[in-house]
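This report describes a metal site and the ligand bound beside it. The sequence and structure are shown first.

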Amino acid sequence: MTIDRNAPCWCGSGKKYKKCHLSLDEKIKTYELKGYEVPPREIIKNEADIAGMKKAAVVNNGALDLVGEKICAGMSTEEINQLVHNYTIEHGGIPAPLNYEGYPKSVCVSINNVVCHGIPSEDTILKEGDIVNVDVTTIVDGYFADASRMYMIGKVSEEAERLVRVAKECMEKGIQAIKPWGFLGDIGAAVQEHAEKNGYSIVIDLGGHGIGKIFHEEPFVPHVGVRGEGMLLVPGMTLTVEPMVNAGGYEVYIDEEDDWTVYTEDGSLSAQWEHTLLITETGVEIIAH
Ligand code: MF3
Ligand code: CO
Ligand code: CO
């Protein structure tokens, strides 16, 4: 697929192709010819896309900050849902989880042995010692931002605190492994290494994802892997790193009743942090945290 050098760029920037994505395309082509897996054009963002995602991220970050101010023992997870829902709407956003593939609430709240996708409920009350993941995704003007944080309720056990800390470090190591013209496998390798060094395991059934005008787009981002393998990482790609780190085994199962809640198979604690990231020409930029 060749485009006239003077024709408008395929990315929609309005610039001439030769002044926009031509040299990037040529570089990608050299990798493709050598047999590497390369990203499709649809997932390469232009300046307007990036600005849109950053706008969504401002609201998303604000919602997570608010949760941090309010979360406490005695609160129901439904109260967190309302907090996030109302904040998002008041700031011009749409909570992406609501009705996403039938998901019934505006946020995911996952406590202790719940790995992810915990559904808020009036009957689920936070208690001292719990470790809680709150995963917020916001749409503003059609663009998505997705991030999650761990919150510790009152005083938690040393083991739980260590898990929360190491899980965050796992995400950070994964992010630091991102280099333009590196590979997707670099991320998973760094995450997995750090988890296993600390005696923990990484969930493999779920992973991070490309994100933009679509909640979950290519590529799937594994949190285990081999350096130098997987899709080529190219400037303009936006994706999440969101490792789920289990204190015990990596195996998980989905609640048969609600079809959403993911638990550790062995009942061990699980922790997760998530950022939305942009791959730049020089490195990586955190979009949502
Ligand atoms: N926010 C989750 C993620 O990080 C996805 C939640 S899907 C939902 O990808 F439907 F459960 F909200
Ligand atoms: Co995500
Ligand atoms: Co998320």
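How many Å apart are the cobalt ion (ligand 2) and the cobalt ion (ligand 3), and which residue coordinates both? The two ions are 3.3 Å apart, and the shared residue is Asp 146.

## Basis of the model

This is a predicted model, in which local features need pLDDT of at least 70, side-chain atom pairs count only at pLDDT 80 or more, and totals for chains, interfaces and linings use all residues. Residues are numbered from 1 along each chain as its sequence is written, chains are lettered from A and ligands numbered from 1 in the order in which they are written, and side-chain values use heavy atoms, with hydrogens and water left out.

## Cobalt site

Asp 146 (OD), His 209 (NE2), Glu 242 (OE) and Glu 274 (OE) coordinate the cobalt ion (ligand 2) at 2.0 to 2.2 Å; donors are N, O and S atoms within 2.8 Å of the metal (3.2 Å for Na, K and Ca). The spacing of these donor residues in sequence is D-x62-H-x32-E-x31-E.

His 209 and Glu 274 are both buried (under 20% relative accessible area, 1.4 Å probe, protein chains only).

## Surroundings of ligand 1

Among the 14 residues around ligand 1, those that come nearest are Asp 146, His 209, His 216, Glu 242 and Glu 274; a residue counts if one of its heavy atoms lies within 4 Å.

A polar side-chain atom of His 216 lies 2.7 Å from an oxygen atom of ligand 1, and one of Glu 242 lies 2.8 Å from an oxygen atom of this ligand. The protein buries 97% of the 330 Å² that ligand 1 exposes when taken alone (Shrake-Rupley method, 1.4 Å probe).

Notes: Buried < 20%, exposed > 50% of the residue type's maximum accessible area, 1.4 Å probe, protein only. Polar contact = N/O pair within 3.5 Å; in protein donor to acceptor, adjacent residues only side chain to side chain.
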